[in-house]
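Welcome! Please take a moment to look over the sequence and the 3D view, and then we will walk through them together.

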Amino acid sequence: MALIGMRDVCIGFGGSLLLDHVNFNMERGERVCLLGRNGTGKSTLMRLLNSDIVPDEGEITTMQGVRVSFLPQEIPEAGQGSVAEIVAAGLEGAVVEGWRRTNQAEKTLTRMELDGKERYENLSAGMKRRVMLARTLVSEPDVLLLDEPTNHLDIGAIAWMEDFLSRFEGGLLLVTHDRSFLKKVATRTVELDRGSLIDWSCDYETFQLRKQAVLAAEAGHRKRFDDKLAREEAWIRKGIKARRTRNEGRVRELEKMRAERQARRELIGSVRMKTQDAGNSGKLVIEAEALSYGYEKKPVIEDFSTLIMRGDKIGIIGPNGSGKTTLLRVLLGELPPAKGTVRLGVNLEIAYFDQLRAQLDENKSVAENVGGGNDTILFNGKPKHIIGYLGDFLFSPERARTPVRSLSGGERNRLLLACMFTQPSNLLVLDEPTNDLDLETLELLEDLLLDYPGTLLLVSHDRTFINNVVTSTLALEGEGRVGEYVGGYDDWVRQRQPEVRPEAARPAVKPETQRPKRAPKPGLSFKEQRELEALPEAIETLEAEKEELYRSMSDPEFYRKNGAGAASELARLKSVEEQLDESYRRWEFLEMKATEAVSRN
């Protein structure tokens, strides 16, 4: 029986229905990827399954006793309190005893590598995302709904999440633009398209092939239909003699065709992105010599030199907080280096995409943000009306007059791209441009950047995007080291040299145990009493080993190992986590058995 589903569901908020008589079911163990263009209703579908809203028609079906947890797309910025308090709030409404509630929260914090004492409001966007995921998981849900879970996460955190979700035993429904992520996680693909939910029952790569074939067949069918309709319309408009003798059955058929054409929901248009010509820059774009920069004695860049030439497409990768944006600003001359020199080439015209979207004025309309109050912009020497230009980025005239504060994440990113491309440029600087974009827009942006004649500096955690666009990669690898590699992300992985770390050869064991040994309990056999006494120490040892493995993997040097070494440690981590889960379950069982024996006596 399905864990959760929807039967003949309809919902809309004015205009065409977002969901038009939709049916969906998800079984235990399925990992379903929900695809669809921005604005088609993916988040609405998830909110329906989470019972945040109710459908206009139809019903949401949930198996009795099933727990559902939802991670929304937007991170709540207003949250305050310790990380432990935020995570424990995920247990509100759950029927869990006090001691077990504390244990579940602590176990989730450990699993997610979070310090429960840290203040939520002081965390980076990526760490806030991880905390909210922990809050989603703490109730041990049967159904997990994740809306863009990789937003703001670095590559290491995304890889960890891939592994975790691949082992999730419940039902998983996720929306993501990260193609590498969904290829590794999803086992089934469904698509929301013009109000209909299409179940492709395959992985993402197979979906791409089938989708292209279906679109080609649909385009052919629609062309034949439109050609026939045009011929019938021409016939009905013939002279008086033809109208007197016309076939009434043919007229009725024409009326049906008109109604069918009027009811047709067209494919959502594609973004039409173009860059403005700014002329060539000099052959040399940026020359950096022995750069160093840091904060409060913490090195971000240490003795780094590079030469960026016209036409280079450079990817910049590294963990959250490693200094990718800082490196950009130093290379562009916005921050003076502590040591070394930066020389910029001549005739540079720079266009900058800011991941924090600070360039947008929340209180002004979409059109005002792009046009600065003008009705037209100058594009490649020709005036273009602002409404027409925004139409190229899928903003309707009504949406163009909407304040920015009411836009979705995907719309804000499209608006920022629209603002950026109003500027002539020969150096594009893109800081996390892919967040919240749908897959089709993402691929169109890739094509634009591949054809871009100027120079590109790109910060991104999207591995597929980096692989498809860049010609070389700068990797921030810790302690101020910036490595330079030919090619994209996969090439960086292949080129890293293994480095043996003696301290990682065996797990460190903490001198103190967090859980004291339990005294023998009534109601337990002698063997069970001995097992219960030994469990806290065994759990502590496993937790220490897991912590050391996590520490090793969080170190940038871990990613310099060869594939076999990294795979071995990942396999060991999986084994340790499975042993920990089983030890916790056994510990809880024995404690409960002893408690029940006491209550009976």
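Is Glu432 buried or exposed? With a relative accessible area of 6%, under the 20% cut-off, Glu432 is buried. You can find Glu432 in the loop between strand E17 (427–431) and H15. Its backbone also deserves a look: phi is positive, about 55 degrees, although Glu432 is not a glycine. Most residues other than glycine have a negative phi.

Before going further, please keep in mind that this is a predicted model. The protein chain has an average pLDDT of 81, and 85% of the residues score at least 70. Over residues 499–521, however, the pLDDT is below 50, and this stretch has 42 contacts in the model beyond near neighbours in sequence. Where pLDDT is low, the predicted coordinates should not be read in detail.

**The overall picture**

The protein chain has 601 residues, and buried residues make up 49% of them. Its secondary structure comes to 19 helices and 20 strands. Of the contacts between residues at least 6 apart in sequence, 70% join residues at least 24 apart. The protein chain exposes about 29,500 Å², with carbon and sulfur atoms supplying 50% of that area.

**Inside the protein**

The largest nonpolar core has 86 residues. Those with the most contacts inside this core are Leu165, Leu390, Leu415, Leu417 and Phe421. Helix H5 (residues 155–166) gives the largest share of the core, seven residues. Leu390 makes a good place to zoom in: leaving aside neighbours within four places in sequence, Leu390 is in contact with Val366, Ala367, Val370, Phe395, Ala400, Leu415 and Ala418. There is also a second, separate core of 26 residues, which includes Val285, Ala288, Leu331 and Tyr352.

**A helix to check by ruler**

Helix H15 covers residues 439–451, which is 13 residues. At 1.5 Å a residue, H15 should span 18 Å, and its end C-alpha atoms are 19 Å apart, so the two agree. Buried residues in H15 are Leu439, Thr441, Leu442, Leu445, Glu446, Leu448 and Leu449. When you look at spacings like these, recall that an α-helix has 3.6 residues a turn, so residues three or four places apart point the same way.

**Some single residues**

Here are four residues side by side, each with its place and its relative accessibility.

| Residue | Place | Relative accessibility |
|---|---|---|
| Glu432 | loop between E17 and H15 | 6%, buried |
| Thr108 | helix H3 (residues 98–111) | 9%, buried |
| Asp8 | strand E1 (residues 4–11) | 36%, partly exposed |
| Glu205 | helix H7 (residues 204–236) | 48%, partly exposed |

What does Thr108 touch, not counting residues up to four places away in sequence? The residues are Val87, Ala134 and Val138. Within H3, a polar atom of the Thr108 side chain also lies 2.8 Å from the backbone oxygen of Gln104.

Asp8 has a positive phi, near 55 degrees, and is a residue other than glycine. Asp8 is partly exposed, whereas Glu432 is buried.

Finally, how far apart in space are Glu205 and Arg179, C-alpha to C-alpha? They are 9.4 Å apart, while 26 residues separate them in sequence.

Conventions. Residues numbered from 1 in each chain as written. Predicted model: local features only at pLDDT ≥ 70, side-chain atom pairs only at ≥ 80, totals over all residues. Heavy atoms only, no water. pLDDT = per-residue confidence, 0-100. Contact = heavy atoms within 4.5 Å. Helix = DSSP H or I, 4+ residues; strand = E, 2+ residues; numbered from the N terminus. Expected span 1.5 Å × (residues − 1). Buried < 20%, exposed > 50% of the residue type's maximum accessible area, 1.4 Å probe, protein only. Polar contact = N/O pair within 3.5 Å; in protein donor to acceptor, adjacent residues only side chain to side chain. Core = buried A, V, L, I, M, F, W, Y, C linked by side-chain atoms within 4.5 Å. Areas by Shrake-Rupley, 256 points an atom, 1.4 Å probe, with all protein chains shown as cover.
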